[in-house]
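This report describes the surroundings of two bound ligands. It begins with individual contacts and proceeds to the composition of each shell.

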Amino acid sequence: MKTIQKIGLVIFVFGLVLFTFLPFFGTYQLEKETVETNVKEIHTDKMVEVLSPMFGKTYSSNFAFISDFKSYFNTYNDGLKANQEWDKVIWDNYAFALTKASATGPVSENPFLFLGITVLIGVFGALLYILPLYRGQTEGIKNDGIFFSSMKSKGLLGMITGAWLILFYIVLYWFPEYITNLVLMVDPISMALSGNPASQWFLYGFIYTLAIIVMGIRMFRKYRGNAYQTIRTTSVMFFQLAFAFLLPEILVLMNMPWHDFKNIWPLDYSFFYEYRIDGMISSGALGMFMLIWGIILIVVGVPLFTYFYGKRWYCSWVCGCGGLAETLGDPYRQLSDKSVKAWKIERYLIHGVLVFAVLMTGLTIANYFSGFELLGQATDQLHSIYGFAIGSAFAGVIGTGFYPLMGNRVWCRFGCPLAAYLGLVQRFKSRFRITTNGGQCISCGNCSTYCEMGIDVRWYAQRGQNIVRSSCVGCGVCSAVCPRGVLKLENGDEEGRINEMPIIIGNNSITVKA
Amino acid sequence: MSKANRNIVIIGNGISGVTCARHIRKKDESAQITIISGETDHFFSRTALMYIYMGHMKYEHTKPYEDWFWNKNRINLKRAWVEKIDFEVKALIFSNKESMTYDVLVLATGSKPNKFGWPGQDLKGVQGMYSYQDLELMESNTKDISKAVIVGGGLIGIEMAEMLNSRKIPVTFLVREKNFWDNILPLEESKMINRHILEHHIDLRLETELGEIIGDASGKVKAITTKTGEKIDCQFVGLTVGVSPNIEFLRTKPLESSENNKTIQTNRGIIVDRFFKTNIPDVYAIGDCAEFQETPAADRKNIEQVWYTGRMHGETLAFNLTSDKPVPYQPGVWFNSAKFLDIEYQTYGFVPPVWTEEYESLYWEDDGGKIAIRFLYGKSDMKIKGVNAFGWRLRHDYFDKAISEGWMFEKVLTHLNKASFNPEFFKSHHKAVLDQYNKQKGKSLKVHKMSFIQKLIGSRA
Ligand SMILES: Cc1cc2nc3c(=O)[nH]c(=O)nc-3n(C[C@H](O)[C@H](O)[C@H](O)COP(=O)(O)OP(=O)(O)OC[C@H]3O[C@@H](n4cnc5c(N)ncnc54)[C@H](O)[C@@H]3O)c2cc1C
Ligand code: SF4
Ligand code: SF4
């Protein structure tokens, strides 16, 4: 490792550690006005009354502040619940908004400074490390030492990274009030983009986008000389930055609903939720366009593009989850489980989630049109179960948190309902396949090892069979790492695409059927 | 011929033995199948040994089948070394003196690295590279060393150099020939690989032969000398001067206990006919260890130590053992592939290092000097005979057809885009190759173009 890279790593770790501990800095003070500006009007009086013991008091940590807040708030609510006064219970969660507004520490005074010494310096350090990677080396496969690396082969570093990510997601989804300092840092950026203060989701989107860009640059270094990898990586970087991050914020600035035009139901599981539909319908022509575009993507876009190009057009060229997996997750792709057992579990899980998403959405739409009488409560229940179990726990905590433990496509492989839908089209009606080059396979196993989807590519390649699998996201890495030039991702005639009983070329004695 | 409940025993769990077992099982439900090997419990890909050392994979990744596969297909695996075979009573004797009988015996024992009796060849730190044990040995032999020497410029030699390079151990690579692998590759190709080896900071010494290997007091290698007397300090020597059939154990004297014990006929390998039959009934040999009495095809050798050949032997013998009409082994158009550090190599058909008047060749090399293609075609009939490609993947089925059906070379040349197997978006060199041919021959052939729509949807028609 070059000195400059070592310096880069040190700087990166410095930024990361500071980022991790920043939430614990600063003081918190709740004022009456803060409550008045941050809670809904109907709750103002009650909340002011409930929280009044906290007013004017300076808390030296967010733990103390949040603990007091929760105890007052819960005492109030619990009392009502005990008396079955359900309509008086305050269901809204004001913990995040009030904690954020009460922060009085240095971060709220100097957001840019703290953004600089955590995130930006981290990015700088990462780039110092990444840009000189493989400099002076020839173009080619750069997998040396992966299974000796603690980070990349479930060693201590990998475990720590996994634990950090899992913790980050848990806090982000369920305890955002503890990371208000981090959100405060990006407030000015959010204000500039959308005119609104940042939420934890803005922070998440910001870091997510940076991760894709920085690690995308790493992909350029690692796969230098491989045009497919380079172009595909550029594509996910673009779609994340433009479509997932910038455009939705600009829409908000224009008083439109936040909308990611490249996100497709059922990955975008809330697309047909009442508030989304109402939001779109009430936003004029552009809103109508969002609705129609979204439906066209589901009904026409997915089948058509997948027919011509396979699901890769979405999963490894456009999608944000895929984008993160292919960039931040690339160092972990070899950790996916290739066993037939894992494949079985995969099929149950992913199709199960698809069925869940379809049923839930069906009910939601039925409700919408029947004026919410039918099963109104039940759909809300379903939404929150799905949001918790699938949208947050599966897609986030497990999907990304488990990168260093189970590979970078855990969510895409086992959970994503859109991937299931794309996969069904890819398996049964598509021109895409990975062609196996005759009899050239030497069963070395590089392809299977580096398949992030856990496809045992070798199983097919060594028997001369094309790979037609619903889960293949067309990342092209199996083809890249094959030392014998056996695999080619291509779109072609449907005839001969699936060769169940391949004849391996080269032996004229018999026409062997594998 | 499928006799019920035959007891088929295969010695060797490499590609040839395993392929044979799998294909027998597909057609014969009742046969008892046992595979014996002393090397590893399960079949692994020998060709992937280097990737374990380089940290690209772990041993378990090199196993083409999951461990349950064998049980499910009722293929018994036995880990043991066969020490002797009593062909008379059809029994194997293991190194621990246990024994096992068979009805049908398949010898698929592979190869072992050559050693040519150099002084010091048995010192610690001197080794070949063939088996899993060799890999383990190399792991311990190269721990904390600062310099290595590889002797022998073949495919395993360059792999070993690459392995050491991945661990940042400086390597001196002694090659006897004028250029790397020039007994197989034509001059331009050899020179290209020479350059690429040097580019990887491997100290390539052409036309250099090993003199002796010098050890220190503890019996460890400390240097080598070349035939010209140059001394090179090193703590590791890789001997990669080819492999020979692994048949030593068959050559041992017949068992004393039975007087008229038959011996199996061997030369360099186990002598077989086109049906893989040895001189002893119900005993067959396939893969690296088999030597054909007569070559199976004009352009083939008696012994072919490649993966693909082992696989085809296994397929064909399995067919013969499970069919009433045995067929002679008939390999098709020759093909092979390798990777020289970062440069992939594929070859189809007939491309010798030098050729006679009857042939003509077109060689094109990219300006960067890492992509090249060579065609060999008949001077008079203009039919394509073979192709070598470097840094350019080619379609096996295309060239298998083109060569076996004798397509016109110029037709192949104008349709190269169909023949290419490079990943999508890779730069096409089709026109550059054609331009060179046109220039050399004063012709004006044109690239067979695809329409925009064809390109967009990826049609090859
Ligand atoms: C490092 C390396 C790289 C290679 N790369 C390529 C390549 O890229 N392409 C290619 O085409 N070829 C390659 N080859 C050659 C290819 O691997 C061999 O041709 C092929 O593996 C031979 O298969 P086989 O089944 O005949 O024998 P083997 O794979 O050698 O299997 C024979 C087995 O029998 C066992 N055995 C032998 N004797 C006994 C006994 N008495 N008792 C018990 N067990 C016994 C051995 O231990 C061994 O496990 C490579 C070889 C090596 C060593
Ligand atoms: S099969 Fe190949 S292209 Fe498909 S997901 Fe796996 S590695 Fe990527
Ligand atoms: S990487 Fe290539 S040669 Fe190796 S097993 Fe896969 S397809 Fe076969």
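## Ligand environments

In this predicted model, an oxygen atom of ligand 1 has a polar side-chain atom of B:D288 at 2.7 Å. Further contacts involve B:N13, through an N or O atom of its side chain, and B:V306, through a polar atom of its backbone. The table lists these contacts.

| Residue | Part of residue | Distance to an oxygen atom of ligand 1 |
|---|---|---|
| B:D288 | side chain | 2.7 Å |
| B:N13 | side chain | 3.3 Å |
| B:V306 | backbone | 3.4 Å |

On its own, ligand 1 has 1000 Å² of accessible area, and the protein covers 95% of that area.

Ligand 1 is located between chains A and B. Its surroundings comprise 32 residues, of which A:R484, B:S16, B:E39, B:Y130 and B:D288 are the closest. By class, the shell contains 14 nonpolar, 13 polar and 5 charged residues. Within chain B, at least two shell residues come from each of helix 1 (15-27), helix 5 (155-166) and helix 8 (307-321). Domain 1 (7-112 + 245-321) and domain 2 (126-241) of chain B each contribute at least three residues to the shell around ligand 1.

Ligand 3 is surrounded by 13 residues, and those nearest to this ligand are A:C441, A:C444, A:G445, A:C447 and A:C482. Helix 22 (446-450) and helix 23 (457-461) of chain A are the elements that supply two or more residues to this shell. The shell around ligand 3 consists of 9 nonpolar, 3 polar and 1 charged residues.

Notes
Residues numbered from 1 in each chain as written. Chains lettered and ligands numbered in written order. Predicted model: local features only at pLDDT ≥ 70, side-chain atom pairs only at ≥ 80, totals over all residues. Heavy atoms only, no water. Near = heavy atom within 4 Å. Polar contact = N/O pair within 3.5 Å; in protein donor to acceptor, adjacent residues only side chain to side chain. Areas by Shrake-Rupley, 256 points an atom, 1.4 Å probe, with all protein chains shown as cover. Helix = DSSP H or I, 4+ residues; strand = E, 2+ residues; numbered from the N terminus. Nonpolar A, V, L, I, M, F, W, Y, C, P; charged D, E, K, R; others polar. Domains from an automatic or database assignment.
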